[in-house]
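User: I'm new to reading protein models and would like a close look at one part of this one, with the rest of the chain as background. Please keep it friendly and explain the terms as you go.

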Amino acid sequence: MAATAGYNAKLYRSGTSTAMTAEATTLVVGKTYRITNAAKRMLDPSVAVVVEDSGSPVVPLFIDYLHGLVTFHPLYTVLGPITIDANYLPLSQIADVYNASFSTSAMMLDDTVYEDAQVSRKAGLKDISGSFWCYDEGATALSSLLAAGTVLYLTWQQTGSGSTPHLRARVLLESEDASAAVDGLIESTYNFTGASLKSVEG
C-alpha cells in the first residue's frame, strides 16, 4: 500500500508581471474577498492595487499580496461585486522538495503604560526562516538564484489539490550545502530567510 505525505512543500519562481483589470473576487468570510482565479492570486507588490466596489474605487482595510485577499473594515457595507485592478505574478515550480522545516517569529513590543498592573505587549515585525532539502539534477539552477538574490516563493500545503496552503512566503536563499555519493543523486540543503514586499523580483 502506498503512503502519501500529509504536507507538501514546493518552491516556485515568479514569471513576468502581468496586468489584470476588473478581476473577479469571491467572498471568503465576513468582509474578506479572494481573487476567484487561483492562477492570479499572487499579487505584484511593486504595482498599485486598485479595489473597486460596483465599479467605484474603495480603500480596503488590508491587502494580502501572497494570497490575493482583500479585507474591508467590519463597518463597511459592500454594495456590489468586488473587483481588482492589479498585476499578478505567474508562478512556476522549480524544485522538488523532499524535506522542509520553517520557523516564524514576531518581535514583541512593550506598550505598557502607567497604572498597568501587568506588562503589556503587542506583535511587531514578523519574520520567517528555515531550510529545505531537494535533489539537484542540474535543471533548477538554485545556486545561481542564490547568488543573484532572487525572490522565491515557498508553499507548505496539506496534501490534496483542493486544500488551502498552510503557509506561503516570499523567501531569499541564504546558503547551500551539497553532498553526493557514487550511487546516488546530488542532495542539496538550502537555508532561507523571509523577503519583505520591498524585495525586488528576480
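Which is T155, buried or exposed, and what is its relative accessible area?

Analyst: T155 is buried, because its relative accessible area is just 4%. Buried here means under 20% relative accessible area, exposed means over 50%, and partly exposed is in between (1.4 Å probe, protein chains only). The areas themselves come from the Shrake-Rupley method with a 1.4 Å probe, and for residues only the protein chains shown count as cover.

A quick word on what you're looking at. This is a predicted model, where local features need pLDDT of at least 70 and side-chain atom pairs count only at pLDDT 80 or more, while totals for chains, interfaces and linings use all residues. Residues are numbered from 1 along each chain as its sequence is written, and side-chain values use heavy atoms, with hydrogens and water left out.

Back to T155. You'll find T155 in strand β11, which covers residues 152-158. Strands (E, at least two residues) and helices (H or I, at least four) are DSSP runs, numbered from the N terminus. Who does T155 touch? If you skip the neighbours within four places in sequence, T155 is in contact with N8, A9, K10, Y12, L167 and R168. Contact means heavy atoms within 4.5 Å.

Now look at Y7, which sits in strand β1, residues 7-14. Y7 and Q157 are 150 residues apart in sequence, yet their C-alpha atoms are 5.4 Å apart in space. Y7 itself counts as partly exposed, because its relative accessibility is 42%.

Let's zoom out for a moment. The protein has one helix and 13 strands, and from the N terminus on they run β-β-β-β-β-β-β-β-β-β-α-β-β-β. Of its 202 residues, 33% count as buried. Take the contacts between residues at least 6 apart in sequence: 65% of them join residues at least 24 apart. The accessible surface comes to about 12,000 Å², and 55% of that belongs to carbon and sulfur atoms.

E52 is another spot to compare with T155. E52 lies in strand β4 and counts as buried, because its relative accessibility is 15%. Leaving out residues up to four places away in sequence, E52 touches P57, V58, P81, I82, T83 and D85. With P81, the C-alpha atoms are separated by 8.1 Å, although the two residues are 29 apart along the chain.

Just past that strand is S54, in the loop between β4 (50-53) and β5 (56-58). S54 has a positive phi of about 55°, even though it isn't a glycine. A22, in strand β2 (residues 18-29), also has a positive phi, near 50°, and isn't a glycine either. Why point these out? Most residues other than glycine have a negative phi. Both count as partly exposed, because the relative accessibility is 41% for S54 and 45% for A22.

Next comes the salt bridge, which means a side-chain nitrogen of Lys or Arg within 4 Å of a carboxyl oxygen of Asp or Glu. By that rule there is one, and it joins the side chains of K40 and E23 at 3.4 Å, N to O. The pair links distant parts of the chain, with K40 in the loop between β3 (32-35) and β4, and E23 in strand β2, 17 residues away. E23 counts as buried, because its relative accessibility is 12%.

Finally, the surface. Y98, Y135 and L185 make a nonpolar surface patch of about 290 Å². Patches are made of residues with over 30% relative accessible area and no salt bridge; like charges are joined within 9 Å, and nonpolar side chains (Val, Leu, Ile, Met, Phe, Trp, Tyr) within 5 Å. Y98 is in strand β9, while Y135 lies in strand β10, residues 121-136. Both are partly exposed, because the values are 37% for Y98 and 38% for Y135. Not counting residues up to four places away in sequence, Y98 touches W133, C134, Y135 and E187.

Strand β9 covers residues 91-110 and includes D110. D110 joins D111, E115 and D116 in a surface patch of negative charge. Asp and Glu count as negative and Lys and Arg as positive, with His and the chain ends not counted; each charge is placed at NZ of Lys, CZ of Arg, CG of Asp or CD of Glu. D110 counts as exposed, because its relative accessible area is 54%, whereas T155 is buried at 4%.
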